[in-house]
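Colleague: Could you walk me through this model? I'd like to ask about the fold step by step.

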Amino acid sequence: MNNKKNIVSRRNFISSSAALAIGTTLIGPNIFGRNKLLNSPVPNSKIKGVQIGVITYSFRSMPDQSAEATLQYVLDSGINAIELMGDPAESFAGKPESSLDRRTLWGLMRSKREGTITTADEKRLTEMQEAMDIYNAKVATWRSQVSMDKFKELKKMYNDAGITIYAFKPNAFGKDNTDEEINYGFKAAKALGASHVTLEHPSDDEHTKKLGEMAAKHGIYVAYHGHTQQTPTFWDTALEQSKYNALNLDLGHFVAAGNEAPLEIMKEKHDHIKSMHVKDRQTPEHGQGNVVWGEGDTPLAEALQLMRDNGYSFPATIELEYEIPEGSDAIAEVKKCLAFAKEALEG
């Protein structure tokens, strides 16, 4: 694999994405209507039978993280289906707010893992972790009592604007979460109209068995995401445990892990893939970097064409992880990724 094999060239990627960004008819005439709530076009990012979506994590750099602002980012990007992160939905539903600076907390945790933390910062880390434990307990109580009405209201707001929610990713399915929180996560996903929830694979067979059994009771799939620990057999135990255990394959991370023939995992597991993250990453030999689409080693164009040609029904979820260029923003970069996908699928 190398970027010479990409069917969509870097030159075509730049030209087509620039056209989309300035509002030409790259997505085609007669696709855009007007949504009922916002003065924005209603997008259609299903191209040649392949649903292109976006995970709202892609907009993490944008200033407003509310459900309403997130909806506008999605519309402005030209996307009509999403994997929704937990924070916008839960904030909309009234989740208790936290005064903790999570970026500082994560930075201190990283310093501790790397062995570079000072004595003063270690004390600060302990204090912040204790505060986070107290906050998490408050959230757990809220989740056990909250009505689903606000989640249904959010679904209607998004649907009226032309956006469907196919996956939900709250931080509610970990080994440290209570059973009430896990049940809450499934109920909220159903209220939002999602077919599945996504979470990082816990690397714990007992927990995937538990989640699969709980998912079956709610009729919602659990799609496990992976990073560079992904292998062709990474999900096999979970899949054997429950028909409601599934894959949230990340093709870029799969390549960065050094796995060969990434298209084969799609062919072998397509019946179990509920959604697939698409990004361009390099192989270990080339540095494993997250790069602009078309510059790395991930066969993105070929993967999208495989979905098109075989009628795979799972969405391809844009996950923006490369560094946003100066003068641009997340919306503009997601548009470029969508343009890349369109060129690949119409090629």
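Modeller: Happy to, and one definition comes first: a helix here is a DSSP run of H or I with at least four residues, a strand is a run of E with at least two, and both are numbered from the N terminus. Please keep in mind that this is a predicted model.

Colleague: Thanks! How many helices and strands does the chain come to?

Modeller: The chain has 347 residues, and 51% of them count as buried. Among its contacts with a separation of 6 or more, 74% are between residues 24 or more positions apart. As for secondary structure, the count is 13 helices and 13 strands.

Colleague: And how much area does the chain expose?

Modeller: Carbon and sulfur atoms supply 47% of the exposed area. The total that the chain exposes is about 16000 Å².

Colleague: Let's look at helix α4. What distance separates its end C-alpha atoms, and what span should we expect?

Modeller: Helix α4 covers residues 102–114, which makes 13 residues. At 1.5 Å a residue, the expected span is 18 Å. The model agrees with that, as the end C-alpha atoms of α4 are apart by 18 Å.

Colleague: Which element do the buried residues of α4 pack against?

Modeller: The buried residues of α4 are L105, G107 and L108. Seen down the helix axis, they fall within an arc of 165 degrees, so they line one face of α4. On the other side, R103, R113 and E114 are exposed. The buried residues of α4 pack against α5.

Colleague: Which residue follows α7, and what is its phi?

Modeller: Helix α7 spans residues 179–192, and its 14 residues should cover 20 Å, in agreement with the 20 Å between its end C-alpha atoms. There is a similar detail at α4, which is followed by G115 with a positive phi near 75 degrees. The residue after α7 is G193, with a positive phi near 90 degrees.

Colleague: Is Y184 buried or exposed, and what is its relative accessible area?

Modeller: Y184 sits in α7, where it is one of the buried residues, along with others including I182, F186 and L192. Its contacts beyond four places in sequence are E90, W142, R143, V146, M148, F151 and A172. The cut-off for buried is under 20% relative accessible area. Y184 is therefore buried, with a value of 1%.

Colleague: How far apart are the C-alpha atoms of Y184 and W142?

Modeller: W142 is among the residues that Y184 touches. The two are 42 residues apart along the chain, while their C-alpha atoms are separated by 9.9 Å.

Colleague: Now the strands. Which helix joins β6 and β7 in a β-α-β unit?

Modeller: β6 (residues 164–169) and β7 pair in the parallel sense over 2 bridges, with F168 and V197 as bridge partners. In β7, 4 of the 5 residues are buried, so the strand is largely enclosed by the rest of the structure. The β-α-β unit that holds β6 and β7 is right-handed, and its helix is α7.

Colleague: Through which helix does the chain cross from β7 to β8?

Modeller: β7 and β8 pair in the parallel sense over 5 bridges, and H196 stands opposite Y221 in β8. The crossover between them is right-handed and passes through α8.

Colleague: Which strands does β9 pair with?

Modeller: β8, α9 and β9 make another right-handed β-α-β unit. In the pairing of β8 with β9, the bridge partner of V222 is N245. The two strands are parallel over 4 bridges, and 4 bridges also join β9 to a strand that runs parallel to it, at residues 273–278. The partners of β9 are thus β8 and β10.

Colleague: What is the relative accessibility of N248 in β9?

Modeller: Both faces of β9 are covered, with N245, L247 and L249 buried on one side and A246, N248 and D250 on the other. N248 stands opposite S275 in β10, and its contacts also include E83, A223 and H277. N248 counts as buried, with a relative accessibility of 0%.

Technical notes:
Residues are numbered from 1 along each chain as its sequence is written. This is a predicted model: local features need pLDDT of at least 70, side-chain atom pairs count only at pLDDT 80 or more; totals for chains, interfaces and linings use all residues. Side-chain values use heavy atoms; hydrogens and water are left out. Buried means under 20% relative accessible area, exposed over 50%, partly exposed in between (1.4 Å probe, protein chains only). Two strands pair if DSSP finds at least two bridges between them. A crossover is right-handed if, with the strands pointing away from the viewer, the path from the first strand over the helix to the second runs clockwise. Contact means heavy atoms within 4.5 Å. Accessible areas come from the Shrake-Rupley method with a 1.4 Å probe; for residues, only the protein chains shown count as cover. The expected span of a helix is 1.5 Å times one less than its number of residues. The arc is that of the directions from the helix axis to the C-beta atoms.
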